Amino acid sequence: MADKAQNEGKKKLGVLELTGYGIGNCIGSGIFVSMGMGIGFTGHSISLALLLACVVVLFAYAYKTIMAGMFVLPGGNYSQQALLQPPLLVGVSAISTIFTGLAFAMYALSIVEYAATVVPQIEQYEKWIAIGIITLFFLTTFLGGKFMAKFNLIMVVVLILSLLVYVAVGLTEVDWATANPFGEDYFKGGASGLIMAIAAMSFACQGATLPIAMTPDAKDPKRSIPKAIILASVVVAMVYCLIGIVSAGVVPVEEVADKNLGVIAREIFPYPVFVIFIIGGACFAIATSLYGAIASVQHPLMATIEDGWLPAVLGKKNKRGYPWVMMLVLYIIAIVPIFVDMGLDALISLMMIPVMVLNLVNNILMFRLIKKYPAAWKKSFFHMPKPLFYVVMILAILCDLLISVALFTTLKSGDQYAILIMVIALFAYSFYRIKAKKVNLSDLERAKAEAEAAAAEDNEAAESNA
């Protein structure tokens, strides 16, 4: 009760504040990492691909946004999963967190690629420098949360300033004769190229659903959070569209396809500004994203271990309370892709496909949820006639399929087998941990009970107001 009273005494977050969280979480290093790949698929129409990618991703995560408009769930994403998913899927979602290590490899390789545009000599040592970066950043996690928080704040400021300068200067350098729907290299890869670009850029368009995690601090969350998610998606789509126009419109498409934004930055900035943009903007933004990802994965993974989804030995800590075994496993997962020459496209696919498969299942489960809580659905921010709801959810499922299938087709046959094995292994291992009674289901059941109680309360309130 004390916690509840204390929370009620806090100043609540409105739509604008929540939208800011969504934008900050979405606009990040992903755009630096994957832009060249998208241009390689579709040429000048990358701006259109980015707009569509924002829409597709919004649909792909439809279950999250719709649930936020139905219930006030204090546990945010975890409460949503507990309410919607059976234990098997909760386990899959939890266990898959360990594959975050793949993102670490992608970030490290991207840092080296950008730095090489300023110092080309380091390109021949790409692997070892990337491994050195990962090693250094893992070691810095000993410094604690305050140090990490300061880095995150600096990252957002530097990143936004860098992108604003990039767009403002770049738009004056665009060759509008070719960078338009009737110009050369628009729809370079045809319809299939556009679809591939949408799938590739979906990695950079995730994150707008972060306001769900702010449910306890939100003012009128069933309305403010859905609005914030939609507004954040619209703003991100507009910003990304401008970045796409500049990225594909300053130099010939073939010179930037499958390369990083440094190629364009070299053309539009004086050399000193170019160096600052690459080191202080691109490299620093990606580096701090890497650092933030390493730091933020500790607590979710420890919860996964404590609940029994992963072996208890992974949770072993040193005298300072640092989970060194778990972090060592993450470190190994991070450096293996570098040793086996796994490209950025493969790393993005290996991270995105399992997420989209889980989203697909969650969107299917939404059909059952609105039947279980009809009054809450009737009073929902997104309430609509059931036929229209079915159309929306079918579109959401198709968006999950589009991203999954498109990314899967970009993989080499060996990587395709790897992703299939990984997805099957996630489900199989989750099933094994439950059947072997190694999972502490009490916390999950408690979270599910709390979520169901909150949902039932909302449902009853909706019935009484009907």
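Is aspartate 258 buried or exposed? In this predicted model, aspartate 258 counts as exposed, because its relative accessibility is 59% and the cut-off for exposed is over 50%. The residue is placed in the loop between helix H13 (253-256) and helix H14 (262-268), and its phi is near 65 degrees, a positive value in a residue other than glycine.

**Overall picture**

The protein has 22 helices and zero strands, and buried residues make up 54% of its 466 residues. Among contacts with a separation of 6 or more, residues 24 or more positions apart account for 84%. The exposed surface comes to about 20700 Å², of which carbon and sulfur atoms supply 67%. The mean pLDDT is 82, and 88% of the residues reach 70 or more. Over residues 1-9, however, the pLDDT is below 50, and beyond near neighbours in sequence this stretch has three contacts in the model. Where pLDDT is low, the predicted coordinates should not be read in detail.

**Helices H18 and H21**

For each of these two helices, the expected span can be set beside the distance between the end C-alpha atoms.

| Helix | Number of residues | Expected span | End C-alpha distance |
|---|---|---|---|
| H18 | 29 residues | 42 Å | 42 Å |
| H21 | 23 residues | 33 Å | 33 Å |

In H18 the end-to-end distance agrees with a rise of 1.5 Å a residue, and the helix also holds a kink of about 30 degrees, centred on methionine 366. In H21, which covers residues 413-435, the distance likewise agrees with what is expected.

The buried residues of H21 are Asp415, Ile419, Met422, Val423, Leu426, Ser430 and Arg433. An α-helix has 3.6 residues a turn, so residues three or four places apart point the same way. The buried residues of H21 pack against helix H7 (87-95), helix H18 (344-372) and helix H20 (386-410).

Just after H21, lysine 437 takes a positive phi of about 55 degrees, although this residue is not a glycine. Lysine 437 sits in the loop between H21 and helix H22 (441-465), and it counts as exposed because its relative accessibility is 76%, where the cut-off is over 50%.

**Nonpolar cores**

The largest nonpolar core has 145 residues, and those with the most contacts inside it are Phe32, Tyr166 and Tyr240. H18 gives the most to this core, with 14 residues. A second, separate core of nine residues includes Leu18, Ile212, Met214 and Ile229. In soluble globular proteins, nonpolar side chains tend to be buried together.

Leaving aside residues up to four places away in sequence, tyrosine 166 touches Ile243, Val246, Ser247, Leu261, Ile264, Ala265, Ile268, Phe269 and Phe277.

**Alanine 228**

Alanine 228 lies in helix H12 (residues 221-249) and is buried, because its relative accessible area is 0% and the cut-off for buried is under 20%. With residues up to four places away in sequence not counted, alanine 228 touches Val15, Leu18, Thr19 and Pro211. Alanine 228 and tyrosine 21 are 207 residues apart in sequence, yet their C-alpha atoms are 8.8 Å apart in space.

Terms used:
Residues are numbered from 1 along each chain as its sequence is written. This is a predicted model: local features need pLDDT of at least 70, side-chain atom pairs count only at pLDDT 80 or more; totals for chains, interfaces and linings use all residues. Side-chain values use heavy atoms; hydrogens and water are left out. Helices (H or I, at least four residues) and strands (E, at least two) are DSSP runs, numbered from the N terminus. The expected span of a helix is 1.5 Å times one less than its number of residues. Buried means under 20% relative accessible area, exposed over 50%, partly exposed in between (1.4 Å probe, protein chains only). Contact means heavy atoms within 4.5 Å. The bend at a residue is the angle between axes fitted to the seven residues ending there and the seven starting there. A nonpolar core is a set of buried Ala, Val, Leu, Ile, Met, Phe, Trp, Tyr and Cys residues joined through side-chain atoms within 4.5 Å. pLDDT is the predictor's confidence in each residue, from 0 to 100. Accessible areas come from the Shrake-Rupley method with a 1.4 Å probe; for residues, only the protein chains shown count as cover.
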